[in-house]
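Colleague: I would like a close look at a single part of this model. Please take one strand and describe how it sits among its neighbours.

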Amino acid sequence: SSESMEVQQLAVAALRGHVSLGEAQHIGPFFQKVKSEESLPKEGCNEGVLLHEDLTPVDSEYRENKEYKICRHLQNGAFGEVYHCRDQSSVFEFCSKEGKPHWISLDRFRWEEVSSWSALSSPRIVQLFGAVREDSFVTLFMEHISGGSLARLIKDNGRLPEDRALFYQEQVLEALEHLQKRRILHKDIKADNVLLSSDGQKAALCDFGHSVKLDANGFREDLQGTETHMAPELVNGEACSAKADVWSSCCMMLHMLNGCHPWTRYYKHPLVLKIANEPPPVKEIPPSCSSGTADVIRAGLEKDPTKRASAGELLAKVTEALRDVGGLRSPLHGPYQEPAGPA
Ligand SMILES: Oc1ccc(F)cc1Nc1nc(-c2ccncc2)cs1
């Protein structure tokens, strides 16, 4: 079809060292081709696809310190340093993730990060703005979210009040519902990958560095994310489904409520054997929690994925639990609350 011809032409053009404004579906084939390229690219080749018109390539190039400038370092994302950047001609601000040292090396780059992510459009998922390769390294661009990560908020507050934990869990589950519909598994759901608006009212998921596409009946086994948040079926190397992200979101609930990751107060690394053999960490649910909140975490920490609540089922429970505690009332930065101590 003319559409696929156009996509191929764009992908080939991208290979000849062009950074072009394109659409999400152009990213996959481009990176697939780049991955399979036999000969190492010639020096200084700069190519890729940008998905936002305010990221403006000049003479088909988009380079740091030329077409865009780094304003400040934000944090170490999965496989890369995250920077706050500004486009030189549009002065539009965005974020970039560049691997270590300074670039994501192509051989470690998983093009599934961009192809899964670019297929998503939801207010609960941070927008991907494109991916650009320079020689054998890749830089990813995404929407700049000014409130920083949920992990940073937890660290600054020690732990979060129950209503605020439920408030963010609700938005993460809405993101998981969106992913589930598109058969995408994030596989690294945790507070570090949840970004907040500056007023703390909106939360959105980012960092699809571990994401995988599920097959037609929603299954696939693959690499791992953050050990403390890994589901039992994942550690057992069994095929896993969208339910694995639900388990991780409830580990994130425990992180918000206790100020520390689950398992780590009771066990030493490696945790995978404990996650496989020990009962789910429901004993870490703070006794001060309402019964609704405790029910949410129990339903999401069922070891058997077939018995575990789906994102939609858990979302309904969270919405009810949040209503039962009177909705969101705590301030974004309340008094510091000491994280839960050692067992
Ligand atoms: O996968 C990416 C692709 C492109 C990016 F620009 C960033 C990420 N990943 C992450 N970004 C953050 C973060 C962003 C902004 N402020 C605080 C943290 C945490 S993980």
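Modeller: What follows describes one strand, its partners and then the protein around it. The model is a predicted one, and the strand chosen is β7, residues 128-134. To begin with burial, 7 of the 7 residues of β7 are buried, that is, under 20% relative accessible area. Strand β7 is therefore largely enclosed by the rest of the structure.

Two pairings of β7 can be described. One is with strand β2, residues 46-50, which runs antiparallel to β7 and is joined to it by 5 bridges. Within this pairing, N46 of β2 has E134 of β7 as its bridge partner. The other pairing is with strand β8, residues 137-143, again in the antiparallel sense, over 6 bridges. Here G130 of β7 stands opposite F141 of β8. Strands β7 and β8 form a hairpin with 2 residues between them, and in this hairpin D135 takes a positive phi near 50°.

As for the setting, the protein contains 10 helices and 12 strands. Of its 343 residues, 55% are buried, so the enclosure of β7 can be read against that figure: 7 of 7 residues in the strand are buried. Contacts in the protein between residues at least 6 apart in sequence join residues at least 24 apart in 68% of cases. The exposed area of the protein is about 14900 Å², and carbon and sulfur atoms supply 52% of that area.

Note on methods. Residues numbered from 1 in each chain as written. Predicted model: local features only at pLDDT ≥ 70, side-chain atom pairs only at ≥ 80, totals over all residues. Heavy atoms only, no water. Buried < 20%, exposed > 50% of the residue type's maximum accessible area, 1.4 Å probe, protein only. Helix = DSSP H or I, 4+ residues; strand = E, 2+ residues; numbered from the N terminus. Pairing = 2+ DSSP bridges. Contact = heavy atoms within 4.5 Å. Areas by Shrake-Rupley, 256 points an atom, 1.4 Å probe, with all protein chains shown as cover.
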